Every structure is written in structure tokens, then in C-alpha cells.
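Reader: I'm in my first year and still learning to look at models like this one. Please pick one single spot, go through it closely, and then show me how to read other parts in the same way.

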Amino acid sequence: MTWTAANWPHVLELTGAHLVQSVLPVLLGALVAIPLARLAVRSRVLRPVLVTGSSLLYTIPSLTLFVVLPLLLGTQITSVANVVVALTLYVVAILLRSSVDAFEAVDRGVLQASTAMGYRPLRRFLTVELSLAVPVLVAGLRVASVSNISMVSVGAVIGVQSLGTLFTDGLRRSIVEEIVVGIALTVVLALLLDLLLQGLGHVLTPWQRAGSRSVTTRLLALGRGAAA
Amino acid sequence: MSLLASALAWLADPDSWSGSGGIPTRLLEHLAYSGLTLLLALAVAVPLGLWVGHTGRGSGVVVALAGALRALPTLGLLTLFTLLLGLGLMPPVVALVLLAVPPILSGAYAGIANVSPALKDAGTALGMTGGQVLARVELPTALPVILGGIRSAALQVVATVTVVAYINLGGLGRYLIDGLAVRDYSRMLGSVVLVALLALAVDAVLALVQRLATSPGLRLAP
């Protein structure tokens, strides 16, 4: 543990950089993908374009984006911005698909009921559709955040600082401990973010915890029975 | 955009295409590493996924294992194995296999586990043994999902093989690392475009395979 003891301020700094590069894209990507997915859901034109576009986007390797983006954005190749933008694009690609599924799975009867109760489209989207889509949205976010945290370290190959720097530096100086610390911290970050997102999903869906005795579930069951 | 032009010039230069460090050689190396990695990953993950999906035993373990492997940073494993096992082909390949196993394993397991029980019961009722049900009912029905897992694994492997150049191996990443060392941006840009084209081509071929391998009966089903 001598290496860690001597270098922990540096390790802490890299952990912070890694956290920024993995969390910021998830937030930005969610802000772009969720509204876009909602627009795509009932559109015959937008849906195939966005779904095909996002799967094509996902085919482009991360290193390619890290190198090509400076050209498009005018940034330095070692700039954190390239990684953030590239990973935001990936998050959009992952989330778009699962968010479209999430909104499509929302019960049409519930939407009609809220319209009948006088909800205007925006309020209906924010308070009814978005809440009911939370479980599937959170599942997509969890996949995106785990794969992000692992991809951030690849940036170190072209000189962007993150926990990945511990891998490239450890290899160059033959310090096994440095690499192991890097891997362990990456896994810890992935676990913590996953727990955070799981917790968020839990807090945002109180009706799922209430069990079958809740009024909402009983009403939903009644509605389904009537529809069948 | 002059950088883009010089990257294209590098791609069009006959010198880039000849010799032991030429693009055809690097492309073959890239495909060879990717192929070897996928073969090893298939050999581990497919039988395991089929067995767990068929018997239902250890499904919790498989889901947890696939999740845990996904969280491991490939670059970290690549450098760690190289330090511990020395330079050579196998340390990076083992790291890449660990990257390819989760999607293949999840695909094989989920594909088999989600086959409708009625179909399996029908097979048993026709007098099929457990192995026959797996081979003749579950496997053909689950094939599109299994191939989907293999497709996403192949995509990740082709993209990540670029990084093995960092530990003194070949492949298309060689140009990226060497170009970075001498600040030759056009070579870096040209090579990453090649990797992206290769990834698109591999994905397109596997998409075609996935389509052809889907039983006509499944395509008709809603």
C-alpha cells in the first residue's frame, strides 16, 4: 500500500475527474433523450429515424469519437469536453431506445383518464407519463451509467485524465498496485452510481412499494378488467 | 477541415497500404485478435448460457456475474494482465474475452429462458428428451436473441481491440498510438475512421446472419 499512501491526493483528483466525465454525460444525455423519445413515440417519421440513428451511433467506437470530436468542436485532443460530448452521444443512443419502449408501455387508458380530468399535454407528460415511465427509464439509465464509467478510462490512452490514467501510468512504470487501485475505484464508482439510480427509481415510484392493496393499483386492475 | 483532407490523403496514399505496417496487415491483425477473442468468449459463454437457461439453475448467479463483469474497466484489465503475465498475445486477449462474455452470456441465457413454456411442453409431449427439446425447440426459437448478444459483443470487441496497440501489439490501433507519439493527427484520424468502418461492416454482416438464421416461423409470429 506504499504507492497509494504516497499518492492519494492525486488518486482523489483523478477520481473526481472520472466522476465528472461519467456523471455529466448521463445527465445531459437524459435531458436530450427523454424528450426526444417522447416526441418519437407516436411519430411515424421520427421514430424509425431516431431508433436507426441511435443504433448506428452506438456502432461508432468511443476512441474514434474521442479523436474525431476535437476536429468538429475545435477543442484540444486532451480536452475533457471531447469525452463528455462523446459519452453524451452514447447515453442518448442507449436511452433513446429504452425511453421509447418506456413511453410506449404507459397504459393508454391512464392517459385518456388524465386528459378527461383536464390535464393539458405538458402537465400530463410531466406528472403522469413521466412518472409511469420511471421504472423503464431508470433501467436504461443504469445500463448507460455502468458502461460510461468503464468507457471513460479509455480516454487515458489519448491523454485525457481520469482513473484510466492510473492504468496507463501503472503500465509504464510497472506498478501493479496503481492499476489495481484504479480498477477497484472504477468498480466502486459504478456500484455507487448504480445504487443511487436504483434509489432514485425507488423514491420516484411510491405506488410500486405500496403493494396490491393501494388504491391506484386496484383502480388500474379494475380499468384493465373493464377494457378486457 | 484541412485535417480531414490530410487524413483522407493518408488513407489514399499507396505507402499506407503496403509493407508489414500497411493497412491490409493491420486490418488482418485487428480481425485476427477480434476473431480469437470472440471464439474463446463463445466457447465459455454459450454453453454456460444455454445450460443455465435450459435448467433454470444458477440464473441469479449468471445475471450478477454478467453485471459485475460489465463494471470492470477493460483498459485496466488489459494493463494489469500485461504487467502480471508479460507482453504477448494472451494477456490482452484474456482481458478482451472478459469484455465479450457478459453480452453473449446474457443473450444466450435470456434467449433460452424466455422461450414459451407451451412450446417446450409441446416438445416433451411429442416424446423429445431434454437435450432434444434444447436442440430442436429452444435453440431455434432463441437464436435471434442469442445472435443479438453475439452481435453486440463483436461490436465491443472490434472497437476495443484498438486499445491493444497501447501494449505493443498490432491492429489498427497501432496508427492511433504511433500517430499520437509523433503528433501526426492525420494518421490518427484516418485510422479511427477505418476502425469505425470496420465496426459498421462487422455489425452489418452479423445483422444479415441474424436475419438469415431467424426461422421463418418466428418471422411470421407477431
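Author: Let's start with A:T127, and keep in mind that this is a predicted model. A:T127 has a relative accessible area of 41%. That makes A:T127 partly exposed, because the label covers values between 20% and 50%. You'll find A:T127 in helix α6 of chain A, which takes in residues 121-152. Its side chain doesn't just point off into nowhere: it reaches the backbone oxygen of A:R123, at 2.6 Å. Here's a handy bit of background: an α-helix has 3.6 residues a turn, so residues three or four places apart point the same way. If you want a feel for distances, compare A:T127 with A:L196: 69 residues separate the two in sequence, and their C-alpha atoms are 22 Å apart in space.

Now take a second residue and ask the same things. Is A:H18 buried or exposed? A:H18 counts as buried, because its relative accessibility is 0% and the cut-off is under 20%. This histidine belongs to helix α1 of chain A. Its side chain, too, reaches a backbone oxygen, this time that of A:I149 at 2.9 Å. Leaving out residues up to four places away in sequence, A:H18 touches A:I149, A:V152, A:S153, A:S162, A:L163, A:G164, A:T186 and A:L189.

One name on that list, A:G164, takes us to another helix. A:G164 is one of the buried residues of α7(A), a helix that runs over residues 164-173. How many of its 10 residues are buried? Eight are, and the helix is mostly covered. Besides A:G164, the buried ones are A:T165, A:L166, A:F167, A:T168, A:D169, A:G170 and A:L171. What covers them includes α1 and α8 of chain A, plus α4 of chain B. Right after α7(A) comes A:S174, with a positive phi near 55°.

There's a similar detail elsewhere in chain A. Just after α5(A), A:G118 has a positive phi of about 100°. At the N-terminal end of α5(A) (residues 108-116), A:D107 acts as a cap, with a side-chain oxygen 2.8 Å from the backbone nitrogen of A:G109.

Let's see what the UniProt record says about these stretches. It places "domain: ABC transmembrane type-1" at residues 15-197 of chain A, in an unreviewed entry. That span is 83% helix and 0% strand, and its end C-alpha atoms lie 19 Å apart. The unreviewed entry also lists several stretches as "transmembrane region", including residues 20-37 and 149-167 of chain A. Try looking at those two in turn. Residues 20-37 are 100% helix, with end C-alpha atoms 25 Å apart. Residues 149-167 are 42% helix, and the end C-alpha atoms there lie 14 Å apart.

On to chain B. It has 10 helices and zero strands. Of its 222 residues, 46% count as buried, and its C-alpha trace spans about 70 × 40 × 30 Å along the principal axes. Among contacts with a separation of 6 or more, 73% link residues 24 or more positions apart. Chain B gets the UniProt label "domain: ABC transmembrane type-1" at residues 27-210, again from an unreviewed entry.

Which residues have the most contacts inside the largest nonpolar core? They are A:V67, A:I158 and B:I104, in a core of 82 residues. Helix α5 of chain B (residues 90-113) gives the most to this core, namely 11 residues. Apart from it lies another core of 25 residues, including A:A40, A:V91, A:L95 and A:L141.

Stay with B:I104 for a moment. Not counting neighbours within four places in sequence, its contacts are B:L38, B:A41, B:L42, B:A45, B:V46, B:G149, B:I150 and B:A153.

Some of those names come back when you look at two helices of chain B, α2 (residues 23-55) and α7 (residues 130-160): their axes come within 10 Å and cross at roughly 145°. The crossing is right-handed. On the α2(B) side, the residues making the contact include B:L38 and B:L42; on the α7(B) side, B:I150 and B:A153 are among them.

Definitions and conventions: Residues numbered from 1 in each chain as written. Chains lettered and ligands numbered in written order. Predicted model: local features only at pLDDT ≥ 70, side-chain atom pairs only at ≥ 80, totals over all residues. Heavy atoms only, no water. UniProt positions renumbered as here; feature names shortened; annotations may be inferred. Helix = DSSP H or I, 4+ residues; strand = E, 2+ residues; numbered from the N terminus. Buried < 20%, exposed > 50% of the residue type's maximum accessible area, 1.4 Å probe, protein only. Polar contact = N/O pair within 3.5 Å; in protein donor to acceptor, adjacent residues only side chain to side chain. Core = buried A, V, L, I, M, F, W, Y, C linked by side-chain atoms within 4.5 Å. Contact = heavy atoms within 4.5 Å. Axes fitted to C-alpha atoms, helices over the stretch in contact; angles between N-to-C directions. Left-handed = near helix turned anticlockwise from the far one by under 90°.
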